[in-house]
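Please look over the sequence and the 3D structure below. Then read on for a short tour of selected parts.

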Amino acid sequence: MFSRLARSRVLAFSLLLSTLTPYSYALEDSLFTSSVTYCNPPETLLIQRFEIAYFPANNSVTFNVSAASVQANVNVTANLFVNVYGMNPVNITLDLCGILKGALCPLPMYNFTGADSLTLPASFGVTDKIPGIAYAIPDLEGFAQLTLTEVRTGTVKACVQATLSNGRSAHQKAVEWTTGGLALAVLLISGGLSMLSLEAVVPFRLLELMYLYQTIASSSYLNLNYPSVYRAFALNFAWAMGLIPASLDSPIQKSINRMRHLTGGNLADAIGGSAVGLVNRKLSPYNSPSSALTSGTAFGSILSTVSSTAFSRLSDVDFTSYMKIASRDTIVNGDVQTVTAASSNVLQAGIPIYVNTLHIASANAFMTVFLCVLCVLAVAIGIAALGYCIMFLVERRHARTHNSGIPINFDYPSFVVSWFLRLSLVIFFPLLIFIFYQWTLKDSWLSILLSVLSFLAISAAIIYPSFLTIRIARRESPFALYVHRTKQLARNGPLYAQHRPQRYYFFLPLIVAFFLRALFIAFAYASGEAQIALMIVVELGLVLGHFVLKPAKTRGGDVFGTYLAIMRLVSVALMIAFIEKLQVKPIPRVVIGIVIALAWSVAVLVVIGNILWNAIAAINIKGGNRSESPSVLESPRGSEGSMLEKGIRGGDLVEKNGSQGGGSGSSLPYAGEGMDADTIEEVARGRPINPTPENNVPFDQYNYTPYPISPTGTTVSTMDPPSIYSRDSGTLTVGSLLPRRWSFAFSQPGSPAASSHQHRSSLTPSPMPPSSPSEAGSHSGGVSRNTSFRMHQHQPTHEDIQEEAGSPETTTT
């Protein structure tokens with residue numbers, strides 16, 4: 001029987017296979033051209049359409065070509081060169097004067113438009129030289145090059161390159177919609193659970209899911225020679241970075257282009273056709289030295305002679321069924337790009353290739369993300385306003401009927417602030433990447449200005465809540481951050497509430513890691529080796545942080561966070577094979593790329609499974625026990641807290657809990673996590689002992705000042721301790737207030753002139769201390785601090801009290 005982990009692996013592998021090979025049952029094995037470019041400036045041959053497909057089932061070639069010859073009396077030889085994953089299965093040189101009865105010698109000056117199907121001679125052995133995996137592997141890396149060389153002078157008259165494809169790709173619309181739909185569903189669940197509990201796990205897992213999507217997409221932004229299959233896989237998560245694929249006539253991209261050109265921008269716009277044709281020839285899918293591609297020389301012939309009748313036989317098969325494959329638009333509007341080593345339109349590795357594949361120009365990347373963020377913010381503000389209106393109506397109805405099930409004390413403003421903080425955390429990483437990247441382009445001054453303003457805004461949205469959190473933790477205690485029903489937890493909880501109080505600060509390394517990744521992607525672009533090294537250092541630091549600090553509240557949370565950190569570290573480490581200088585062969589690079597894509601797929605499934613598990617658990621708990629009492633962290637009056645207030649410390653509390661639970665006495669329930677003795681001691685130190693107030697009011701030193709009993713009395717200068725009865729009767733007042741509850745005051749004598757030895761004052765309790773130092777100052781007299789202090793320490797004897805009670809001249813206050 002399979003374990004849960006084994007089942008998840010099987011499910012992940014099945015998902016990846018379905019992603020990499022969609023609709024394979026409906027595709028016939030074939031190879032066809034997907035993009036066309038000139039590898040030399042055209043002189044003799046101009047191309048408007050160039051679509052060729054090869055079908056191994058009958059060893060035939062179907063073509064649909066539209067070209068024009070513009071020079072007269074040119075006799076040329078044609079060299080056809082095919083490169084697949086660095087291998088050269090086809091390298092043929094033909095003399096055009098020897099085929100088709102000399103119809104192509106010299107090249108006729110007219111437009112040629114035609115489509116047909118030819119059966120290749122078996123002597124060519126093309127089928128044997130192309131491995132079967134080339135028809136099934138997604139995002140095939142291969143191209144074909146046709147070079148026309150003049151027979152007399154040996155100069156290149158035309159050079160055309162066309163990339164090859166088999167119709168399968170790891171970039172699928174279904175994957176984009178599925179991942180986006182899952183994120184939206186988790187968002188809705190998180191919104192509901194966050195209303196029930198400020199420390200619900202699912203909202204934090206939503207952030208982890210979005211971080212994972214963004215990490216997968218940004219992992220293809222480095223200056224590395226990525227295999228085409230991995231680059232296509234990463235495109236499935238472009239929406240998480242704010243990059244929505246654009247069409248050829250996208251009004252948004254056209255508006256951005258106009259804005260850039262009007263504000264000093266001079267970089268190229270996105271092309272209408274496939275961006276793969278502009279990729280640097282050293283990178284996938286070309287995998288060839290640029291010198292061999294731009295020279296236009298023939299690569300030699302695998303045949304010494306080619307029979308002129310070999311190509312004179314047209315295929316008798318019906319090629320109508322192939323025309324659908326051959327009618328792909330490899331050239332848009334007849335515009336064929338010229339790509340050489342000195343061309344300025346060559347797309348380099350990283351962000352340029354990634355965004356141009358989505359039909360977004362490199363210079364438009366930041367503005368596209370910026371506009372997407374503005375749209376998301378507008379939607380969020382609209383939803384917040386709608387929620388406010390709903391809450392207003394609910395409160396009015398509650399005030400009328402007093403039967404509303406929604407608690408009237410729900411802090412909706414704090415709820416909105418917390419979700420805007422979550423939104424800021426989600427858009428923080430994509431914005432930083434493309435803000436920094438825009439600064440490296442130096443294209444449009446308006447784009448740069450908007451990027452600076454965006455940087456300030458997103459920085460303030462993250463730094464200010466972080467500052468408030470750290471300030472409260474330093475001034476009071478980390479446990480003060482987790483007090484239930486406080487605005488700090490309700491508003492800034494998304495930063496730290498998933499961590500233990502002792503590790504509340506663990507959100508800082510995560511934010512710093514995002515900042516460093518964006519910094520390395522944008523500004524360390526010149527060296528892929530440096531980018532990989534710095535990324536490994538960052539990911540290794542996060543892994544060590546999870547191992548050493550264990551920030552989560554539960555062991556499962558630590559395992560989950562550590563797994564994702566290790567996943568990122570391993571993926572970045574495997575990308576060392578993509579460093580261009582290492583010159584790893586194309587096939588090993590493709591295998592490593594598929595392994596990384598499979599690992600990311602498993603990580604996505606793990607996160608989604610964790611979200612479902614926590615969501616079901618939260619719903620069951622809330623539904624089964626709605627009256628569940630708040631935890632110690634949620635309420636300062638919890639049972640454990642009360643026990644701590646009454647003097648129970650450390651081992652006594654642990655021992656008591658252990659005896660009650662019948663198990664180990666090493667922990668106590670503390671906000672869903674066990675508490676050891678050290679933690680209890682820390683809580684005890686952070687909590688006041690009765691009757692000290694809980695609001696941490698600074699102690700007034702005035703309370704140490706003894707209460708003076710006489711406004712005009714003289715200071716005692718003798719060595720004998722003064723008695724409470726040795727005083728001048730004329731120096732006392734009636735009902736003097738003392739600072740202690742059970743202190744005693746003297747009543748007013750019957751006559752101001754009476755002697756203190758003849759009149760005794762009854763003892764009366766004075767429950768109220770002086771209300772202010774100024775009030776006490778009105779009674780300050782000649783009794784010194786030492787005398788007054790001693791009087792407070794004096795305990796009246798039984799005889800004294802009886803003598804006071806027997807005096808007929810005293811009055812009780």
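## Strands S4 and S5

S4 and S5 pair in the antiparallel sense, over 7 bridges. One of the residue pairs here joins Asn-79 to Thr-93, its bridge partner in S5. The two strands form a hairpin with 2 residues between them. In that hairpin, Tyr-85 has a positive phi near 55 degrees. Keep in mind that this model is predicted.

## The whole sheet

What is the order of the strands in the open sheet? It runs S5-S4-S7-S8-S1-S2-S3-S6, 8 strands with antiparallel pairing. Strand S5 (87–95) and strand S6 (111–119) are the edge strands. Each of these two pairs on one side only. From one strand to the next, the twist averages 15 degrees.

Now go to the other edge. S6 pairs with S3 over 9 bridges, in the antiparallel sense. Within this pairing, Phe-63 stands opposite Asp-116 in S6.

## Two loop residues with positive phi

Asn-73 sits in the loop between strand S3 (60–69) and strand S4 (76–84). Its phi is near 55 degrees, a positive value in a residue other than glycine. Is Asn-73 buried or exposed? Asn-73 counts as exposed because its relative accessibility is 65%, and the exposed class starts over 50%.

Asp-139 lies in another loop, between helix H2 (126–129) and strand S7 (142–150). Asp-139 is not a glycine either, yet its phi is positive, at about 55 degrees. Its relative accessibility is 14%, so Asp-139 counts as buried. The cut-off for buried is under 20%.

## A cis peptide bond

Next comes a bond in the loop between helix H6 (251–262) and helix H7 (290–294), where Pro-285 has its place. The peptide bond from Ser-284 to Pro-285 is cis. Its omega is near 15 degrees.

## Far in sequence, 5.8 Å in space

Asn-356 belongs to helix H9 (residues 351–357). With 9% relative accessibility, Asn-356 counts as buried. Asn-356 and Ala-275 are 81 residues apart in sequence. In space, their C-alpha atoms are 5.8 Å apart.

## Helix H16

Does the length of H16 fall in line with or against what its residue count predicts? H16 has 20 residues. The expected span is 1.5 Å times one less than that number. That gives 28 Å, and the end C-alpha atoms are 28 Å apart, so the two values agree.

Many residues of H16 are listed as buried, including Gly-557, Phe-560, Leu-564, Met-567, Arg-568 and Val-572. Two of these, Arg-568 and Val-572, also appear in the lining of the largest cavity.

## The largest cavity

How many cavities of 30 Å³ or more does the structure hold? There are 4. The largest has about 130 Å³ of space.

Which helices each supply at least two residues of the lining of the largest cavity? They are helix H4 (201–218), helix H14 (507–523), helix H15 (528–549) and helix H16 (555–574). Among the lining residues are Thr-215, Ser-218, Arg-517, Ile-521, Met-535 and Glu-539. Leu-222, Met-575 and Trp-600 line this cavity too. By class, the lining has 6 nonpolar, 3 polar and 3 charged residues.

Notes:
Residues are numbered from 1 along each chain as its sequence is written. This is a predicted model: local features need pLDDT of at least 70, side-chain atom pairs count only at pLDDT 80 or more; totals for chains, interfaces and linings use all residues. Side-chain values use heavy atoms; hydrogens and water are left out. On a 1 Å grid over the protein atoms alone, a cavity is a set of points where a 1.4 Å probe fits but cannot get out, and a pocket is an open set with protein on both sides within 12 Å along at least five of seven lines; lining residues have an atom within 4 Å of a point. Grid points are joined across faces, edges and corners, and a volume is the space filled by probe spheres set on the points. Helices (H or I, at least four residues) and strands (E, at least two) are DSSP runs, numbered from the N terminus. Ala, Val, Leu, Ile, Met, Phe, Trp, Tyr, Cys and Pro count as nonpolar, Asp, Glu, Lys and Arg as charged, and the others, Gly among them, as polar. Buried means under 20% relative accessible area, exposed over 50%, partly exposed in between (1.4 Å probe, protein chains only). Two strands pair if DSSP finds at least two bridges between them. Axes are lines fitted to C-alpha atoms, for helices over the stretch in contact, and angles run from 0 to 180 degrees between N-to-C directions.
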